[in-house]
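Colleague: I would like a close look at a single part of this model. Please keep the account plain and work outward from that part.

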There are 2 protein chains.
Amino acid sequence: MSPKDGQKTAKTDRVTIRTVASHAGVSVAAVSKVLRNAYGVSDNLRGKVTGSIQELGYRPSRTARGLRGQTFTIGLLLVEIGNPFLPGVIAGVNGVLAPSHYQAMIGVGEAQTQLETSLIETMIDYKMDGLILVAPRLPSEIVAAFATQIPIVALGYHDASAEAFDTVNTDDQRGAELAVEALLECGYRDIAMLSLGQREGHKVSVVRQREIGYRQAMQLSGFEGEPKIVNISVGSPDREDAMRAFLTSENRPRAIFCWSDLDAVTILSLAAELKIRVPEDLAVVGYDNSPTSGLSLVNLASIDQSGRHLGEMATRTLLSRIEGRTAATHILMEPSLVRRASLGLKI
Amino acid sequence: MSPKDGQKTAKTDRVTIRTVASHAGVSVAAVSKVLRNAYGVSDNLRGKVTGSIQELGYRPSRTARGLRGQTFTIGLLLVEIGNPFLPGVIAGVNGVLAPSHYQAMIGVGEAQTQLETSLIETMIDYKMDGLILVAPRLPSEIVAAFATQIPIVALGYHDASAEAFDTVNTDDQRGAELAVEALLECGYRDIAMLSLGQREGHKVSVVRQREIGYRQAMQLSGFEGEPKIVNISVGSPDREDAMRAFLTSENRPRAIFCWSDLDAVTILSLAAELKIRVPEDLAVVGYDNSPTSGLSLVNLASIDQSGRHLGEMATRTLLSRIEGRTAATHILMEPSLVRRASLGLKI
DNA sequence: CTCATTGTGTAGAACGTTCTCCGTATAACG
DNA sequence: CGTTATACGGAGAACGTTCTACACAATGAG
């Protein structure tokens, strides 16, 4: 068992709070006070202690801290890693945390509810100070139950009535409306929405919200065009085939609003293969304004929800809750449309 | 201080190892033995304890565990999140870990060496059982120093002489050679490489290795074509402008090998804007075989290094080291070329 | 029958912090 | 001068595990 030996030898030279205390000639409690900058520390004492800390290169053990106090770590749970708006969220979280002494640890659920749950539990068992859940698949009651154990902010989870935890979202209904309105403006009437299969079809999911927005915009348009939602379930291996079939079907719509750039880009690609001209034969609007959509080869119009801003907002919200806020807060941010060639010409 | 109150009330009902012990009518030590399935436990005892654990829904505290033993957590450090081959790595790590009782926690360094270091330290302070560093920017001695404190596997870090830690890589020299050879086969002679600016120009970095492979392949070709490496430093705001300038310069090469799909896709996009035909006027080969490269709109030939396999291999390597291996091991995996339209026609 | 041996379980000391008391010195006040 | 604040610092009990050392019973060997 070499790692144990390793630990043991490392342990002998490990600098603990006791090492610092004796080096500075003060008590352990005093060092702890300085660390937490608690009340009752003279400048003189503080100086000695910080000096010793520097000199010895002391770092407090997170795991020992977790046993009693805070760990200064927040957990970020991503249900899956594929979505192009996640990097922005991560950057936002890290950005807000950078000047503080907090740090983010990320768990990836790989789209498995069980792993998702178990990661949340692990983060709680690590005594992290708070959690940001991004588009969790869990039902609201479960999230609320976890929220009794640890401060939670849910991102991409539309549950404005939740009292136990906070939510931060873009207005996904509004985003869908923006897309449909823009397509209507360009003269299209026959507008379909490409969505996900039902799965856990909670209203809280961003996809459902976008469907609602799509339906409303279509109905408000006053035109004869009736809402048409095409579901292509996620993760199926014949996903591309299903899209291909949709694109070559007789009642292919004139315009498509896609729930995500992920699908919209595939649609554009398949259209190119099938010699369907964009936007002449088919207009497309995506969601997320991913880096790919901006490529001039792709040129996909898309709804922008700044992942970075969402991440920043979620972090600030979480920090305020960690600092004592108890009333739930639910934030809704405004999406915007990025016009690109796939939208067609504005009249 | 409501969170404290929350912790306190939660604490009262918290199920600890002591709760389990008294519920099962055995000692704390016995429960601990069952948990770690250590020696000296009868089937009878084990039955009682696991029964109580189930019934009470007990989960051991990671932070308390970390104070003495293992935490069953491994840390995955990503220097930045943008690179398209990272999702595969994460999936590979999670895949290998899934059947075990280990879990991965991810830290993202946002390309800042300081944050990178501090995340590694945090992971050590959390008493994680091992670390996988993906393409760390740190010099070898620093990594080796950390490796005395915790088992480390470095991924995308070419230091086959390291004795303190393991490495897992694809043969990046070979990858570059594959790209150049394919371009040579297609009849191109004037082949440039698009690389990154110098920065921490260690030989250990994958980019340097690809440069070496590129140079070797060019020299071995026996043709007059001399190696030409164009550096466009990462993260500069005028990155696209620099590429545009390169593409419109008089001595634009006939073919480009890009260090990453990230750049290759941008090149293709700019080429389209500039009416440069691919592959007729310009052939391009990228690196990573990212999802984008496979889009028929893009159709970028690329070197494939399966991130998933790398992640799996790194995890297995790390686990074996955690279990006691002390001799360093350095794994090199074989890349492959994915031929697509941007490569031009094979003769 | 005695003495090791083996199998099973327990007691209790770590592990490195936080945090509640408590003691002491100094200052302020009457 | 005595009393009461106030500021500073320390002792020591948690926190929830792991793990060494030991006790005890049952078994086997001689």
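How do the residues of the surface near DNA strand D divide into nonpolar, polar and charged?

Modeller: The model is a predicted one. In it, the surface near DNA strand D is made up of 14 nonpolar, eight polar and six charged residues. There are 28 residues around this strand, and those that come nearest are Ala30(A), Leu67(A), Ile17(B), Arg68(B) and Gly69(B). Both chains therefore take part, given that a residue counts as near when its C-beta atom, placed from the backbone, lies within 6 Å of the strand. In terms of elements, chain A supplies at least two residues from each of helix H3 (28-35), helix H4 (43-56) and helix H5 (62-68), and chain B does so from each of helix H3 (28-35) and helix H5 (62-68).

DNA strand C can be described in a similar way. It is surrounded by 29 residues, with Ile17(A), Gly69(A), Ser27(B), Ala30(B) and Leu67(B) the closest. For this surface, H3 and H5 of chain A and H3, helix H4 (43-56) and H5 of chain B each give at least two residues. Its classes are 14 nonpolar, eight polar and seven charged.

The two chains also touch one another: 45 residues of chain B are in contact with 45 residues of chain A. On the chain B side, at least two residues each come from helix H1 (2-13), H5, helix H6 (86-97), strand E2 (103-108), helix H7 (113-125) and helix H12 (261-273). That side holds 22 nonpolar, 16 polar and seven charged residues. H5 of chain B thus appears here as well as in the surface near DNA strand D.

H12 of chain B leads on to a sheet. Six strands of chain B form this open sheet, in the order E7-E6-E8-E9-E10-E12 and with mixed pairing. Strand E7 (228-231) and strand E12 (336-338) are its edge strands, each pairing on one side only. From one strand to the next the twist averages 25°. H12(B) packs on the sheet and touches strand E6 (191-195), strand E8 (255-258), E9 and E10 of chain B, with its direction at about 155° to that of E9(B). Strand E9 (residues 283-287) and strand E10 (residues 301-304) of chain B run parallel and are joined by three bridges. Tyr287(B) has Ile303(B) as its bridge partner in E10(B).

Finally, the largest nonpolar core has 176 residues, among which Leu155(A) and Leu155(B) touch the most other members. Beyond its neighbours within four places in sequence, Leu155(B) is in contact with residues including Val89(B), Ile132(B), Val168(B), Leu310(B) and Ala314(B).

Definitions and conventions: Residues are numbered from 1 along each chain as its sequence is written. Chains are lettered from A and ligands numbered from 1 in the order in which they are written. This is a predicted model: local features need pLDDT of at least 70, side-chain atom pairs count only at pLDDT 80 or more; totals for chains, interfaces and linings use all residues. Helices (H or I, at least four residues) and strands (E, at least two) are DSSP runs, numbered from the N terminus. Ala, Val, Leu, Ile, Met, Phe, Trp, Tyr, Cys and Pro count as nonpolar, Asp, Glu, Lys and Arg as charged, and the others, Gly among them, as polar. Two residues are in contact if their C-beta atoms, placed from the backbone, lie within 7 Å. A nonpolar core is a set of buried Ala, Val, Leu, Ile, Met, Phe, Trp, Tyr and Cys residues joined through C-beta atoms within 7 Å. A residue is buried if 20 or more other C-beta atoms lie within 10 Å of its own, exposed if 12 or fewer, and partly exposed in between; C-beta atoms are placed from the backbone. Two strands pair if DSSP finds at least two bridges between them. Axes are lines fitted to C-alpha atoms, for helices over the stretch in contact, and angles run from 0 to 180 degrees between N-to-C directions.
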